Each structure stands twice: as structure tokens, then as C-alpha cells.
Amino acid sequence: MCRIHGYFNTTATARDMRTVAHLQRHGGPDGTGQLTAPRWGLGNNRLALVDLDGGAQPYTGREGRIQVVFNGEIYNHNELRRRLEKKGHTFPDRCDGGILPALYEEYGEAFTEQLDGMYAVAVLDLRTTPTLLLATDHIGMKPLYYRWDPAARSLHFASEIPALLGFGGSARPDPRGLDAYLATRTPFGSDTMVDGVSVLPPATTLTCVLGGVPRTTVRTPADPAARTLLSPALEDHALDVRGTLRHETARLLQADVPVAVITSGGLDSSLVTALACEHGPLHSFNIAYKGRWPFDERHYAREVAQHAGTVHHQVELDPAGFPQLIEETVRHLGQPNADPITLSSHALFAAVHQAGFKAVLTGDAADEVFGGYERMRAAAVAAASGRAWSGAYLDHLAVLPARLRHTLYTAEYRAFVQDTPPIPPAALEALLRGETTVQRRITDFELGLRLPAYHLRRVDHLSMAHSVEARLPFCQPSVVALGRRLPDRLRIHRGQVKRTLYAAAAGLLPASVLERPKQPFTLPVTAMLTPGSALWEYARDSLHPRLLAAGGQLAPDAVEDLFARQAATPDDTTALTLWALLVHEVWRAALPAARRPAEAAA
């Protein structure tokens with residue numbers, strides 16, 4: 001696991017490269033490496049988990065004509081190494097990323113088809129005209145940000161937005177970003193909240209020849225080979241899912257450092273915990289908050305830990321420290337994410353690091369793969385009865401419904417964004433009018449757009465902020481393929497979500513966990529955002545009418561109305577809206593160009 005960065009068809013100073021490396025050193029404190037030339041440069045920060053004494057980057061191919069920097073984990077590297085050795089390749093160490101130059105030499109741009117893992121990789125091919133290739137994994141577990149300047153034909157890239165900005169250039173907010181953020185809780189697709197900065201989507205390869213223009217190719221990875229279950233029985237599919245998830249969880253435990261587990265107390269992380277502990281006792285971590293709050297899951301997590309036999313760590317977060325923690329969290333994310341759980345994730349991964357762990361398994365992505373969200377259930381029920389489903393579904397993705405969102409804007413900003421869709425039009429069209437069932441279209445949309453943007457970047461940035469690698473069994477290709485192949489009735493049926501996954505967990509978890517009502521794994525912000533609390537006072541200061549007026553996008557009176565409503569009759573939508581606006585203003589104020597009035601209304 002590493003952080004990577006570089007430039008192409010331009011120049012950068014040694015100081016620029018050191019600055020960028022320093023800005024993301026938290027993600028790779030165990031070593032640095034770089035290789036530069038007049039028109040290109042590659043750099044990395046290493047977090048050592050496999051072959052602790054090897055793994056120096058950039059990795060170099062034969063005759064030094066292929067150079068690679070890599071962020072991630074390749075789980076089938078031993079198998080690939082044996083295959084490549086039979087073809088005459090030799091390797092100086094057993095680090096997983098060390099096989100990448102040879103793999104590229106053998107397969108060219110198609111080398112990603114051989115990889116099983118999570119990755120963002122940069123390949124510099126110097127055999128003819130220098131060519132840079134950037135590639136991301138099948139589902140977007142490892143993000144890669146880039147800035148392409150068409151006038152200069154220059155390309156810069158990095159694993160994190162703040163590091164990318166270390167190369168210089170504009171750091172202005174995207175003037176349309178606020179509306180997209182409130183509509184989807186963080187931008188979808190290749191957009192970011194920073195003007196001119198893009199993120200490489202999942203399963204995408206960007207290729208640029210020196211002096212040329214980048215071209216991007218969206219790959220369609222083949223589903224892993226799997227037997228087709230002819231049985232319609234839920235139990236047979238559940239056994240298939242259990243076996244596949246057991247196999248992948250065991251593979252993801254392989255490392256030269258101890259691996260821990262995150263145990264929230266819900267089905268997904270609890271199942272990963274139970275399967276991981278089949279290979280011996282592990283340490284588990286759970287987050288809760290000082291005081292008495294809704295949605296406290298610590299007792300469920302403790303019960304799972306006792307059942308699985310883990311060494312359990314109960315982390316308690318003090319709400320009095322939220323203001324400072326918000327600033328740290330937003331800084332590491334690099335752009336706003338409206339989910340209050342970002343704060344908890346940041347604190348939880350800090351505790352994992354403090355306990356001496358560099359790798360941890362999580363239960364993220366099970367809801368997307370197996371159909372676990374209430375919005376999915378509601379859409380399935382509505383579609384089955386012939387009722388409209390899309391409006392309510394899209395409103396559930398948003399901070400607040402569309403009919404309310406525009407009431408927060410100044411007249412100028414409302415006019416500016418009214419004709420700009422906040423969701424990529426092609427993706428929205430496929431969601432609303434595709435040829436498959438509503439459940440399948442929603443699954444494709446959630447896995448392809450929402451999961452990488454909203455969840456996976458949060459997990460990556462906030463784990464790596466503390467030099468911790470998060471591994472995600474539910475994101476493994478074999479598990480995702482099983483989820484995609486399930487008939488609708490084995491995903492959501494008669495009001496029950498994640499039917500097959502619940503059946504797969506039967507007998508592995510305490511009945512109290514399997515039978516408990518599903519509840520959100522989130523910060524109870526509605527209860528915490530009350531007059532007199534540290535969070536309330538911080539929000540009042542950050543969303544001061546004078547600051548909002550200077551921004552030119554939010555109407556100060558409308559935001560004042562939100563505070564009055566939350567003080568009088570707290571509700572989830574009002575609280576989340578205030579939280580989201582607070583996060584946005586904290587992020588905007590931290591940008592170098594943020595103190596100027598926004599160009600949105602210009």
C-alpha cells in the first residue's frame with residue numbers, strides 16, 4: 001500500500017516532488033522513492049505490508065525501460081510471479097507490486113486483466129516514444145486524481161487531492177460543485193469539487209503519449225469463473241456466497257504484519273469478523289460516543305467479538321472535540337463528503353494505528369452488492385406495484401430533496417445551476433430507463449458511481465491518513481460477481497433486504513445480531529447538533545451570514561432558518577443539511593483561493 005504521484009509532458013522541480021510526497025506521507029511513511037527526467041517524473045510513499053525489507057519503488061523492468069509506481073495490494077501476486085518466472089523474468093524481492101513491470105511487458109495495456117486486488121498504478125513506458133499509463137481497479141478501491149491542462153498539454157497525478165495541488169495551479173472550488181454535492185453527498189463520476197481536478201473512475205485506463213492528448217478507456221472486467229447454480233433455493237445460493245466470502249476473507253488476511261477487523265455490530269462487518277477469526281484470534285475495533293446517543297451499537301459489536309473470540313477494542317469519541325476533528329477529516333478527504341460517519345471513521349482508524357496495526361478488514365460494500373439499503377427496498381416495492389420509484393430513490397441519495405435544495409441558494413446561483421444535472425446524464429439515463437429490472441439498474445448505479453465516490457474514497461483516505469490499509473472482502477471480484485448474478489427475489493423480497501447474505505450468515509453470528517432491526521452506521525448528528533453544544537457553536541461560526549454572503553452561493557437567510565428549525569424541532573433532514581453545509585464551508589475556507597467570492601454567479 002502506498003501513495004503515488006507524478007507529472008508528464010511538463011517539468012517539475014525537485015522541491016515540487018518533495019512537497020507532493022510530504023503532503024501524502026501519512027499514507028506511506030515507510031519509504032519514499034522517485035525518478036525524474038526533463039519531461040516526466042514518478043514518485044511514491046510506501047506503507048510496507050508485504051516483504052517489509054523489499055518493495056522499493058519505482059519498480060523497474062528489464063533494461064530500465066518500464067517504470068512503475070503503485071498504490072494498493074495485489075492478492076494473486078505469487079501466482080503471477082510464478083507464471084512470469086517461467087517466461088524468464090526475475091524479481092529482486094517478493095513484494096506484490098514488483099511483478100507489475102514484467103506483467104506490463106508481457107501483456108501491454110491489458111496487464112490489468114491479470115490483476116486480482118485493489119490498485120491505482122502508473123506505468124511509464126520508455127521503449128519508444130515515452131508513454132504514461134494510469135489505471136484503477138475494477139471497483140475504485142484505490143483513487144487516483146489528475147489534472148490535465150489542454151493548453152500546456154501537461155498532466156499531473158496523485159493519490160490525494162491536497163497532494164495534487166502541491167504541484168501548483170488553481171485550487172478554486174468548482175462553481176457547480178455545491179449543487180452536485182447537496183444532490184449526491186459527494187460528486188459522482190470523474191468530477192471533484194476542485195475546478196480542473198478529475199478522478200479516474202473505476203476500471204479505467206488513461207494513456208498519454210509524450211506531446212499528445214490523454215485517451216481514457218473504460219474496461220469491462222470479465223466476471224470470475226463460477227459455477228452457475230440451477231437451484232432456485234435460497235439456501236444453495238447462501239452456501240455459495242458463504243464459501244466465496246470465506247475464501248476471499250482468508251486471502252485478505254495474508255500480510256507480513258498483523259491484520260485487525262472493524263466490527264460495527266451490523267451484519268456485514270460481523271460476518272467478516274466471524275470468518276476472519278476462523279483462522280485464529282484477531283483484534284477487533286468498534287467506535288462509539290461518550291454519553292448516551294441513538295444508534296449505539298457497541299453492545300452488538302461486543303457480543304460479536306465475544307462470539308468470535310477477538311481481542312476487542314472499544315473506541316470512544318468525545319463530541320466536545322468535534323470541531324478540530326472535522327477540520328482534520330475534511331483536510332484528509334480533500335473534498336466534502338456529507339456523511340457524518342467520516343468523523344467516526346477518522347477516529348476509528350486512528351485508534352487502529354495507535355494499537356499498532358497497519359491493515360484491517362472492513363464490511364464495506366455489502367449493501368451495494370447484496371441489496372441492503374432501505375432506498376433499494378422502497379424502490380423495489382414501488383416498482384413491483386407499478387408506482388413511480390425514481391424520485392424518492394434520488395431524494396434518498398441527496399442531502400435534502402431537490403424541491404428544497406434550491407431554496408438554499410441565492411437567485412444568481414440558482415439560475416447558474418438550474419440547467420446542469422448533478423448526476424452524469426448517461427448514468428442517470430441508464431438508471432431510469434435501462435432494459436433490466438429496477439433492482440439490477442439500481443445495483444449497477446450504486447456499484448458504478450455511488451460506492452466509489454461516497455464510500456470507498458472515504459475508507460481509503462481516512463484509513464491511509466493513519467497509515468492503515470483497509471481491505472474489503474465484499475469488493476473482491478468473485479463476491480461482487482455473485483451478488484450481481486443473484487435473482488431479484490434473493491436480494492430483496494417482501495420487504496426483506498440482503499436475503500442471501502443473511503442466510504449465508506446463519507449459524508455464524510449470534511441470533512440477536514441476525515434478528516436486530518437494520519439501523520444506520522452513522523454519527524447521531526440530529527441528537528448532537530443542539531444549541532449550546534460544541535458542534536452547534538462551531539457550525540454557527542462557520543456558517544456565519546457574513547461568510548455565506550461572501551461565498552455568493554448560499555442565501556444567508558435560508559441557512560438561518562435551518563438553525564432556527566433545528567433548535568425548535570430537530571429532524572434528520574435539517575440536521576444533515578446543516579452538517580453538510582458546515583463541512584462544505586470548512587473545506588472551502590481551507591482552499592488557497594477560497595477566501596475570494598465564488599465565481600459561480602459571475
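Here are some notes on the predicted model shown above, point by point.

1. **Ground rules.** This is a predicted model, so local features need pLDDT of at least 70 and side-chain atom pairs count only at pLDDT 80 or more, while totals for chains, interfaces and linings use all residues. Residues are numbered from 1 along each chain as its sequence is written, and side-chain values use heavy atoms, with hydrogens and water left out.

2. **Overall build.** You're looking at 25 helices and 17 strands. Helices (H or I, at least four residues) and strands (E, at least two) are DSSP runs, numbered from the N terminus. The radius of gyration is 24 Å, close to the 25 Å that the globule rule gives for 602 residues, so the protein is as compact as a globular protein of that length. For that comparison, the radius is taken over C-alpha atoms, and the rule is 2.2 Å times the number of residues to the power 0.38. Along the principal axes, the C-alpha atoms fill a box of roughly 70 × 60 × 50 Å.

3. **Inside and outside.** Of the 602 residues, 60% count as buried. Buried means under 20% relative accessible area, exposed means over 50%, and partly exposed is in between (1.4 Å probe, protein chains only). The accessible surface comes to about 23200 Å², and 52% of it belongs to carbon and sulfur atoms. Those areas come from the Shrake-Rupley method with a 1.4 Å probe; for residues, only the protein chains shown count as cover.

4. **Contacts and charges.** Take the contacts (heavy atoms within 4.5 Å) between residues at least 6 apart in sequence: 73% of them join residues at least 24 apart. On the charge side, the mean positions of the 61 positive and 63 negative charges are 2 Å apart. Lys and Arg count as positive and Asp and Glu as negative, with His and the chain ends not counted; each charge is placed at NZ of Lys, CZ of Arg, CG of Asp or CD of Glu.

5. **Cysteines.** A disulfide is a covalent bond between the sulfur atoms of two cysteines. With the cut-off set at a pair of cysteine sulfur atoms within 2.5 Å, a search of the whole structure finds zero disulfides. Why does Cys 475 have no bond? The closest cysteine sulfur, in Cys 2, is 20 Å from the sulfur of Cys 475, too far for a bond. Cys 475 is also buried, at 0% relative accessibility. Cys 277 counts as buried too, at 12%.

6. **Asn 286.** If you want a residue with plenty to look at, try this one in strand E14. Asn 286 is buried, because its relative accessible area is 2%. Not counting residues up to four places away in sequence, Asn 286 touches Thr 263, Ser 264, Arg 298, Ala 301, His 312, His 313, Gln 314, Val 315 and Leu 348.

7. **Thr 574.** Helix H25 (residues 572–590) holds Thr 574, which is buried at 3% relative accessibility. Setting aside neighbours within four places in sequence, Thr 574 is in contact with Leu 562, Arg 565 and Gln 566.

8. **Backbone oddities.** Gln 57 and Pro 58 are joined by a cis peptide bond, with omega at about 0°; Pro 58 sits in the loop between strand E3 (40–46) and strand E4 (59–60). Two arginines have positive phi although neither is a glycine: Arg 153 at about 55° and Arg 185 at about 75°. Arg 153 lies in the loop between strand E8 (145–149) and strand E9 (154–158) and is partly exposed, at 36%. Arg 185 is in the loop between helix H5 (177–184) and strand E10 (198–199), and with 16% relative accessible area Arg 185 is buried.

9. **Exposed spots and distances.** His 22, in helix H1 (residues 14–23), is exposed at 58%. The C-alpha atoms of His 22 and Ala 163 are separated by 8.0 Å, with their positions 141 residues apart along the chain. Pro 281 lies in the loop between helix H7 (267–276) and strand E14 (283–289) and is exposed at 70%. The C-alpha atoms of Pro 281 and Pro 425, 144 residues apart along the chain, are separated by 48 Å. Gln 354, in helix H10 (residues 341–354), counts as exposed at 67%; its C-alpha atom is 17 Å from that of Thr 263, 91 residues away along the chain.
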